[in-house]
Amino acid sequence: MLRRYSKAEALRIIQRILKDGILFFTQHCKDRMIIRDVQMQDIVYVLKNGKITREPERHQATGNWIYNVEGKSLEDEILTIPVDIDEEQTMIRLLTIF
């Protein structure tokens with residue numbers, strides 16, 4: 001089971017992994033990107049400039065902590081990107097987008 005981070009700590013780790021790690025897109029996230037016409041640049045922009053405004057929640061299936069990164073896309077649309085963090089693997093798993 002992965003460690004629970006504070007919102008500020010999670011955001012710092014997400015931004016570090018964004019520079020030096022792996023972004024893993026679940027199939028569900030890829031499907032939602034197509035449906036919502038969200039581009040990779042929008043995802044990166046939100047992860048780089050967004051905020052985590054809610055406390056993390058446990059993913060029902062995996063038990064991992066989920067952090068909702070919220071921010072505006074390059075087209076000024078508000079997006080929320082739920083992610084989990086695997087700091088050991090330097091990976092962010094993007095679960096969906098809304």
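## Surroundings of Ser73

Beyond its neighbours within four places in sequence, Ser73 is in contact with Asp42, Tyr45, Val46 and Leu79 in this predicted model. Ser73 belongs to the loop between β4 and β5 (78-86). With a relative accessible area of 4%, Ser73 is buried, because the cut-off for that class is under 20%.

## Strands β4, β5 and β6

The loop that holds Ser73 lies between β4 and β5, two strands that run antiparallel and are joined by 6 bridges. One of the paired positions is Lys72, whose bridge partner in β5 is Ile78. The two strands form a hairpin with 5 residues between them. In the turn of this hairpin, Asp76 has a positive phi of about 70 degrees.

Strand β5 also pairs with strand β6 (residues 91-94), in the antiparallel sense and over 4 bridges. Here Asp86 has Met91 in β6 as its bridge partner. The hairpin of β5 and β6 has 4 residues between the strands, and Thr90 takes a positive phi near 45 degrees. As for solvent exposure, β5 is mostly covered, since 8 of its 9 residues are buried.

## Aromatic and charge-ring geometry

A search of the whole structure yields 1 aromatic pair. Its members are Tyr5 and Tyr67, with 6.4 Å centre to centre and 40 degrees between the planes, a tilted arrangement. The pair links distant parts of the chain: Tyr5 is in the segment before α1, Tyr67 is in strand β4 (residues 65-72), and 62 residues separate them.

Both members of the pair are buried. The relative accessible area of Tyr5 is 6%, and that of Tyr67 is 1%; each counts as buried because the limit is under 20%.

A further ring geometry involves Arg4 and Trp65. Arg4 lies over the face of Trp65, at 5.1 Å from the ring centre.

## Ala8 in helix α1

Ala8 is placed in helix α1 (residues 7-20). Its relative accessible area of 45% makes Ala8 partly exposed, because that class lies between the 20% limit for buried and the 50% limit for exposed. In space, the C-alpha atoms of Ala8 and Ile66 are 14 Å apart, and the two residues are 58 residues apart in sequence.

Conventions: Residues are numbered from 1 along each chain as its sequence is written. This is a predicted model: local features need pLDDT of at least 70, side-chain atom pairs count only at pLDDT 80 or more; totals for chains, interfaces and linings use all residues. Side-chain values use heavy atoms; hydrogens and water are left out. Buried means under 20% relative accessible area, exposed over 50%, partly exposed in between (1.4 Å probe, protein chains only). Rings of Phe, Tyr and Trp (its six-membered ring) pair if their centres lie within 6.5 Å; planes under 30 degrees apart count as stacked, over 60 as edge-to-face and the rest as tilted. A charge sits over a ring if NZ of Lys or CZ of Arg is within 6 Å of the ring centre and within 35 degrees of the ring normal. Contact means heavy atoms within 4.5 Å. Two strands pair if DSSP finds at least two bridges between them.
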